[in-house]
Amino acid sequence: MLTDPIADYLTRIRNAVKANHRVVEIPASNLKKAITKILFDKGYILNYKFEDDTAQGTIKIALKYHPVSKLSAITKLQRVSRPGLRKYVNAGSLPRVMNGLGIAVLSTSKGVITDKEARNLNVGGEVLCYIS
């Protein structure tokens, strides 16, 4: 049993990037699916596919690399809020990752959104992770 499935999700992607893998498979959940959609919309991953072949299902993520330099689009994944210490922010103190170049993923009352969307909607929530 995993105590922190989001940390496991980020670690699987981080390890696949370090090993220069093209595709990574991750056990699915609704929160992981929402984070995957954000990664795709913001251009950090090439593509994704949700497969419901087992009871839980899996997420297949195609990682994105630069064609010449072979550098990954994802340089850093950092878990912020964890089961032992939750990090909540209000609308006035939303974090900025790399001075706006990265994104912070938040779980809010409006769903799982980025820090920029939370500023536009004027909502706060739990800071799940930083991605740059």
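**Exercise 1. Find which residues of H2 are buried, and where they lie on the helix.**

Step 1. In this predicted model, local features need pLDDT of at least 70, side-chain atom pairs count only at pLDDT 80 or more, and totals for chains, interfaces and linings use all residues. Residues are numbered from 1 along each chain as its sequence is written, and side-chain values use heavy atoms, with hydrogens and water left out.

Step 2. Buried means under 20% relative accessible area, exposed over 50%, partly exposed in between (1.4 Å probe, protein chains only). Helices are DSSP runs of H or I with at least four residues; strands are runs of E with at least two; both are numbered from the N terminus.

Step 3. Lys32, Ile35, Thr36, Ile38 and Leu39 of H2 are buried.

Step 4. Down the axis of H2, these buried residues fall within an arc of 160 degrees (taken from the directions from the helix axis to the C-beta atoms). They therefore line one face of the helix.

Step 5. An α-helix has 3.6 residues a turn, so residues three or four places apart point the same way.

Step 6. Exposed Asn30 and Asp41 sit on the face of H2 turned away from its buried side.

**Exercise 2. Check the length of H2, then see what follows.**

Step 1. H2 covers residues 30–41, twelve residues. The expected span is 1.5 Å times one less than the number of residues.

Step 2. That rule gives 16 Å; the end C-alpha atoms are 17 Å apart, which agrees.

Step 3. After H2 comes glycine 43, with a positive phi near 85 degrees.

**Exercise 3. Place H2 in the whole chain.**

Step 1. The chain has three helices and eight strands.

Step 2. Their order along the sequence is α-β-α-β-β-β-β-β-β-α-β.

Step 3. Of the 132 residues, 40% are buried.
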